[in-house]
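Student: Before I plan anything around this protein, I would like a close look at how its helices and sheets are put together. Could you take me through it part by part, starting with the helices at the beginning of the chain?

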Amino acid sequence: MKKVERINIIMRYINNRAHFTISEIMREFNISRSTAIRDIREIEAMGMPLVAEVGRDGGYFVMNNSVLPTVRFTDNEIKALFLAFMATRNQQLPYLKSRQTLTEKLLGLISENQQDDLVLLNQILLFEGTNPHNPDLLDLSDLPHPMLEKLIQLLLIENYLLVTVQEEMEIKSYPIYLLHLYREKSLWLIEGFDLEEEKRRILSVDNLTHIELFPVKKKLSKKKILEQLSKQEKMINLVLELGPKAIGQFKKYHPLKLSLSYTNPYQTTAVIKTFINVHHAEELTEITNWLLFLGGDIKIKEMPEEILAGVQKRLSLYCP
């Protein structure tokens, strides 16, 4: 259990008791005396009015049976929370059911005028990915893959995982150090370092059939893993200069591994430098599609022949 979570639970525990001792906290939460004392002091620093009783049977009690501080939100804070919820609808995010109950609780805390404002915003504002025919904030139609929340729970414990995936007609297991969990093109993806083959591996959460912690006798640190991956990186073979229109297209969509470097203070010109594996058919097709999506406001400074041929072939279909 993490420190912040433990302290929150201890606060609820002692708030419901007229009296408690350090020994009771130690037994209840299976922590050492020094940890229990540090936690109590931190809780006091957060504003809970604890009074210490001196003596053999001494302990603590909460002054005047005080309750935890009430959380209050301003109008703008309420709007910020709901706009964040609205912007992430239909994104297959984890903890969707918790988001629903949180929304219901927040609605119960605010005034009718605030509720009317949120209803109006919900009717007017549409974000990318929102279904205009079913924009209900409390709808549970975009549940993520059931393995996603389990994966996140394990990640809070350890990054060394054994993941089992269904690949076409074959089931494979990989021991990995998970580097990132991200969402791209409506898919949740795992970026990990394969501990056996010692290389980067991308896996789809949708293909997961089982996840468990992977015991490693001699753990390779994240720093060493990143150093090893850095050595494996290939030389740059794609260099593009982007004008303002292409930058606008880039902001609408770009492959996750690509990033812009602005070349003037007004952010109207930029450059992209990256490596494309031209022997990977899927990556080659994706970059070809994306270059056409950027439009004509680009200058090609360096490009593999395979990508150039792919772009020319695609253009010839539209301009015979």
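Tutor: In this predicted model, helix H1 (residues 3-15) and helix H3 (residues 33-45) have axes that come within 10 Å and cross at roughly 75°, and the two helices are therefore roughly perpendicular to each other. On the H1 side the contact is made by Lys3, Arg6, Ile7, Ile10, Met11 and Ile14, and on the H3 side by Thr35, Asp39, Glu42 and Ile43. Sorted by class, this contact of H1 with H3 has 5 nonpolar, 1 polar and 4 charged residues.

Further along is an open sheet of 5 strands, arranged in the order E6-E5-E4-E3-E7 with antiparallel pairing. Strand E6 (199-204) and strand E7 (208-213) stand at its edges, and each has a single partner strand, so one side of each is left without a neighbour in the sheet. On average, and with direction ignored, neighbouring strands of this sheet are turned by 45° against each other.

The pairing at the E6 edge can be followed residue by residue. Strand E5 (residues 187-194) pairs with E6 in the antiparallel sense over 6 bridges; leucine 189 has serine 204 of E6 as its bridge partner, while phenylalanine 193 has arginine 200 of E6 as its bridge partner. E5 and E6 form a hairpin with 4 residues between them, and in the turn glutamate 198 has a positive phi of about 55°. Across strand E3 (160-167), strand E4 (170-184), E5 and E7 of this sheet lies helix H7 (residues 146-155), which runs at about 15° to E7.

A second group of strands is also worth following. Here 4 strands form an open sheet in the order E9-E10-E8-E11, and the pairing is antiparallel. The edges are held by strand E9 (261-262) and strand E11 (298-302), each with a single partner strand, so one side of each is left without a neighbour in the sheet. Within this sheet, strand E8 (residues 238-242) and strand E10 (residues 270-274) run antiparallel and are joined by 5 bridges, with valine 239 standing opposite lysine 273 in E10. Helix H9 (residues 244-252) packs on the sheet, where it touches E8, E9, E10 and E11, and the direction of H9 makes about 115° with that of E8. Helix H10 (residues 281-294) also packs on the sheet, touching E8, E10 and E11, but the direction of H10 makes about 15° with that of E8.

Finally, there is the matter of enclosed empty space. The count comes to 2 cavities of 30 Å³ or more, and the second largest cavity has a volume of about 30 Å³. This second largest cavity is lined by Asp75, Ile78, Lys79, Gln114, Asp117 and Leu118, and the elements that give two or more residues to its lining are helix H4 (75-87) and helix H6 (112-124). By class, the residues of that lining divide into 2 nonpolar, 1 polar and 3 charged.

Definitions and conventions: Residues numbered from 1 in each chain as written. Predicted model: local features only at pLDDT ≥ 70, side-chain atom pairs only at ≥ 80, totals over all residues. Heavy atoms only, no water. Axes fitted to C-alpha atoms, helices over the stretch in contact; angles between N-to-C directions. Parallel < 35°, antiparallel > 145°, perpendicular 65-115°, else oblique. Contact = heavy atoms within 4.5 Å. Nonpolar A, V, L, I, M, F, W, Y, C, P; charged D, E, K, R; others polar. Pairing = 2+ DSSP bridges. 1 Å grid on protein atoms, 1.4 Å probe; cavity = no way out; pocket = protein on both sides within 12 Å on 5 of 7 lines; lining within 4 Å. Points joined across faces, edges and corners; volume = space filled by probe spheres on them.
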